[in-house]
Amino acid sequence: MTRALRLAEQGLYGTSPNPRVGCVIVREGVVVGEAFHRRAGEAHAEANALAAAADRARGATAYVTLEPCAHHGKTPPCADALIAAGVVRVVAAMQDPNPLVSGRGIERLRAAGIAVETGLLENEARELNIGFISRMTRGRPWVRMKCAASLDGRTALANGTSKWITAPTARMDVQRLRARSCAMLTGAGTVLADDPQMTVREIDTPRQPLRVVVDTHLSIPANARILQGGGAVVVTATEDAGAIAAMRDAGIEVVELGGASEHVDLPRLMLWLGERGINELTIEAGATLNGAFLEAGLVDELVLYLAPTLFGDKARGLFALPELREMSERHDVQLRDVRMVGKDLRVIARFSKEG
């Protein structure tokens, strides 16, 4: 199963909106076939592994990181393929959270006389597909908030200068984070100040993440770099029909998700992204939007890069949050990983108990 998980990781950047799945087929203690799901629309891991094993799959055990599917999507059911191949035992790390599959693949296999076991290395399998699980069970993506700051928690000087806080090694680590993300999200303030692209660079990836700009008043220009090349959407709360039409006339997708406070309704936005098949969302924004997401309780994970430098209390902070008057009002996190990435410190913490 460990080998199956390592195989599944090879699909880390390409399977969205599908889960990342690996499969290893073993007969009489010998691996006779192994594979992973590469990208949506292509053959699943089980089908690829069975093709590699050919006749040697008969009488074998299949180790798969996720319950084999039992429904017709873009490809035939993997449960049927395993049955037809003569596999006698299937070990699945976890049950599929997709309502179209959940438990049905296992039932179909058992009905055909195949022994099925689940739960082997389940925690590792859940981590690999934490975004897919989130979308299937909560209807919204797993939300990571990435921040880079000085050791005293400042993201930019008072005049807005922020490039570069962290060293190249940490910045390359961010590229890997972007590559696994289905969508990147930022705010209008960041676009107006920095004109970022929010694309994956220097990483071999079969796709670019969707770029999402939260722009309450539709203030960014249509020629902003983040909007170029397709694959971008502006989410707004404005009622200015002329501004919306002008942006759409420029070929930019605009989604209207206004809320009661005249700001973009962030919970609705998360559900909209879930409907669009976004499993993992990474936020790279300024203090105002960061604070809004935290206040709305929408952040699952914080990825914080701390540079070994001090900016002082006049510099800009990480999160614009209301003043706390009681210690009970603080935002507690669970530290998941703390390590050096080059000369910078990377802290991964979670607000959610998922995973």
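Let me start with one residue, Leu294, which touches Val299, Phe319, Leu321, His331 and Phe351, leaving aside residues up to four places away in sequence. Leu294 sits in helix H11, which covers residues 287-295, and because its relative accessible area is 9%, it counts as buried. As a sense of distance, the C-alpha atoms of Leu294 and Glu122 are separated by 29 Å, and the two residues are 172 residues apart along the chain. I should say at this point that what we are looking at is a predicted model, and I will keep that in mind throughout.

Stepping back to the whole protein, we have 11 helices and 16 strands. For 355 residues a compact globule would have a radius of gyration near 20 Å, and the protein has 23 Å, which agrees. The C-alpha trace spans about 70 × 45 × 40 Å along its principal axes, and 52% of the 355 residues are buried. If we take the contacts between residues at least 6 apart in sequence, 69% of them join residues at least 24 apart. The accessible surface comes to about 16500 Å², with 49% of it belonging to carbon and sulfur atoms. As for charge, there are 42 positive and 42 negative charges, and their mean positions are 5 Å apart.

Now to helix H6, residues 130-138, where the buried residues are Ile130, Gly131, Phe132, Ile133, Ser134 and Arg135. What do the buried residues of H6 pack against? Their partners are helix H5 (122-128), strand E6 (142-150), helix H10 (266-275), strand E12 (280-283) and strand E16 (344-350). After H6 comes Gly139, which has a positive phi, near 75°.

Two of those partners deserve a closer look, and I take strand E6 before E16. Ala149 is found in E6, and is it buried or exposed? Its relative accessibility is 0%, and therefore Ala149 counts as buried. Apart from residues up to four places away in sequence, Ala149 touches Arg154, Thr155, Ile165, Leu304, Tyr305, Leu306, Ala307 and Leu318. By contrast with those contacts, Val31 is 47 Å from Ala149, C-alpha to C-alpha, with their positions 118 residues apart in sequence.

Strand E13, residues 301-307, leads us to Thr309, which is placed in the loop between E13 and strand E14 (316-317). Thr309 has a relative accessible area of 32%, so we call it partly exposed. Its contacts, again without residues up to four places away in sequence, are Ser150, Leu151 and Asp152. Val101, on the other hand, is 208 residues from Thr309 in sequence and 50 Å from it in space, C-alpha to C-alpha.

That leaves strand E16, which is joined by seven bridges to strand E15 (residues 334-341), the two running antiparallel. Within this pairing, Asp337 stands opposite Ile348 in E16. E15 and E16 form a hairpin with two residues between them, and Gly342 in the turn has a positive phi of about 65°. As a general reminder when looking at such pairs, side chains in a regular strand alternate between the two faces of the sheet.

To close, let me put the three single residues side by side. Leu294 in the model is buried at 9%, Ala149 is buried at 0%, and Thr309 is partly exposed at 32%.

Conventions:
Residues numbered from 1 in each chain as written. Predicted model: local features only at pLDDT ≥ 70, side-chain atom pairs only at ≥ 80, totals over all residues. Heavy atoms only, no water. Helix = DSSP H or I, 4+ residues; strand = E, 2+ residues; numbered from the N terminus. Rg over C-alpha atoms; globule rule 2.2 N^0.38 Å. Buried < 20%, exposed > 50% of the residue type's maximum accessible area, 1.4 Å probe, protein only. Contact = heavy atoms within 4.5 Å. Areas by Shrake-Rupley, 256 points an atom, 1.4 Å probe, with all protein chains shown as cover. Lys, Arg positive; Asp, Glu negative; His and termini not counted. Charge placed at Lys NZ, Arg CZ, Asp CG, Glu CD. Pairing = 2+ DSSP bridges.
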